[in-house]
Amino acid sequence: MNPFWQPSGWPPPSDSRPRILLLGASGFVGGGLWTSLTPRHEVVGTYATRPLPGLVRLDLRDEPRLAALAAGGFDLIVHAAGLVPLEAAEADPALAHRLNVRPVEVLLDAVRGSATKLLLLSSDNVFDGTRSRYTEDDPRSPVNVYGRTKTAAEDLLLAEGGHLIVRIPLVFGRGPWANTFLDRLAGPTTAARTDLVCAPVYLPSIGPALARLWDRTGVVHYGGADVLTRFALMSAVRRALRLPTRVVPTEGGSGCRRPPRLVLRSTRHTLLGPGLDEALAHLAA
Ligand SMILES: NC(=O)c1ccc[n+]([C@@H]2O[C@H](COP(=O)([O-])OP(=O)(O)OC[C@H]3O[C@@H](n4cnc5c(N)ncnc54)[C@H](OP(=O)(O)O)[C@@H]3O)[C@@H](O)[C@H]2O)c1
């Protein structure tokens, strides 16, 4: 049991009430962060194509607008926007760089010399998946375009210093609006890989975890407690939600290369996402 992410563990044990810019609040992870952060903090959230009440429109490619927004005196900018589907990044590397790397340069230029800290959400796809587990000290060696763009974005922040990169693994759970994960279980069947191992993290735990970690700088990992195949994860979620969807085991796949085993662990803190049983009980409640 890892109670930090439960409402009783929130807000974090700190006096700080930062003013936050949340880039990508209309997304799956950003939506979860919006739900976690808005009750306790002053948050400005952005969307690009999915207009939602309370969010402001921003295209990351509109650099003057991005820079002006970032220079708005925020304590923290949580950057959860960009091109995330691996196949989309693989199909258009230039667009992936435009959306995942270049905006970080613009953000850094905009906040340089100010008190604003950047928190970049990065990914376990910066690793090649050949080790049993990865800590913050392990060398990165991405095998796909998405992973290479996340690595390049990390490099920009690391070169600048004073900012924070939080690497997260596959995220599961229900978002307030975007539902990348559960959408896979929406049809009559869904294919799930038996040869990809992950340590997925439960969406509602990410906001509280970030709030515990956002005074750090450099790189931190926030991983899930349980290690299982994608097939086992999808099957467990299907069972917990009593969905009629048939989860079909598959091996291999077309499209981009995926690291076979991604387990994030930390040497810098002891936080881990909730165990699968606890998370699924919460999801099904
Ligand atoms: N989901 C995961 O399992 C996972 C795992 C590891 C790391 N991450 C990281 O978590 C972050 C969020 O991922 P996600 O799964 O929430 O992705 P998502 O659901 O696809 O959300 C992407 C967000 O980026 C916004 N966006 C896309 N193109 C944009 C543009 N041109 N200008 C401005 N905003 C744009 C989207 O806005 P609209 O929706 O309004 O268009 C949306 O808010 C990413 O940094 C990703 O690398 C996610």
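In this predicted model, the element that contributes most to the shell around the ligand is β5, which supplies 3 residues. The elements that give two or more residues to this shell are α1 (28-37), β5 (117-123) and α6 (145-160). In total, 28 residues surround the ligand, and the closest of these are Ser-26, Val-29, Thr-49, Arg-50 and Tyr-146. When the shell is divided by class, 16 of its residues are nonpolar, 8 are polar and 4 are charged.

Polar contacts to the ligand are made by both backbone and side-chain atoms, as the following pairs show. An oxygen atom of the ligand lies 2.9 Å from a polar backbone atom of Phe-28, and a backbone N or O atom of Gly-24 is placed 3.2 Å from an oxygen atom of the ligand. On the side-chain part, an N or O atom of Asp-59 is found 3.2 Å from a nitrogen atom of the ligand. The ligand would expose 900 Å² if taken alone, and the protein buries 89% of that area.

The empty space within the protein was examined separately. A search of the whole structure returned 1 cavity of 30 Å³ or more, and the largest cavity encloses about 30 Å³ of space. The lining of the largest cavity is formed by Phe-172, Pro-200, Ala-225, Asp-226, Leu-228, Pro-274, Gly-275 and Leu-276, and by class this lining comprises 6 nonpolar residues, 1 polar residue and 1 charged residue.

How values were computed. Residues numbered from 1 in each chain as written. Predicted model: local features only at pLDDT ≥ 70, side-chain atom pairs only at ≥ 80, totals over all residues. Heavy atoms only, no water. 1 Å grid on protein atoms, 1.4 Å probe; cavity = no way out; pocket = protein on both sides within 12 Å on 5 of 7 lines; lining within 4 Å. Points joined across faces, edges and corners; volume = space filled by probe spheres on them. Nonpolar A, V, L, I, M, F, W, Y, C, P; charged D, E, K, R; others polar. Near = heavy atom within 4 Å. Polar contact = N/O pair within 3.5 Å; in protein donor to acceptor, adjacent residues only side chain to side chain. Areas by Shrake-Rupley, 256 points an atom, 1.4 Å probe, with all protein chains shown as cover. Helix = DSSP H or I, 4+ residues; strand = E, 2+ residues; numbered from the N terminus.
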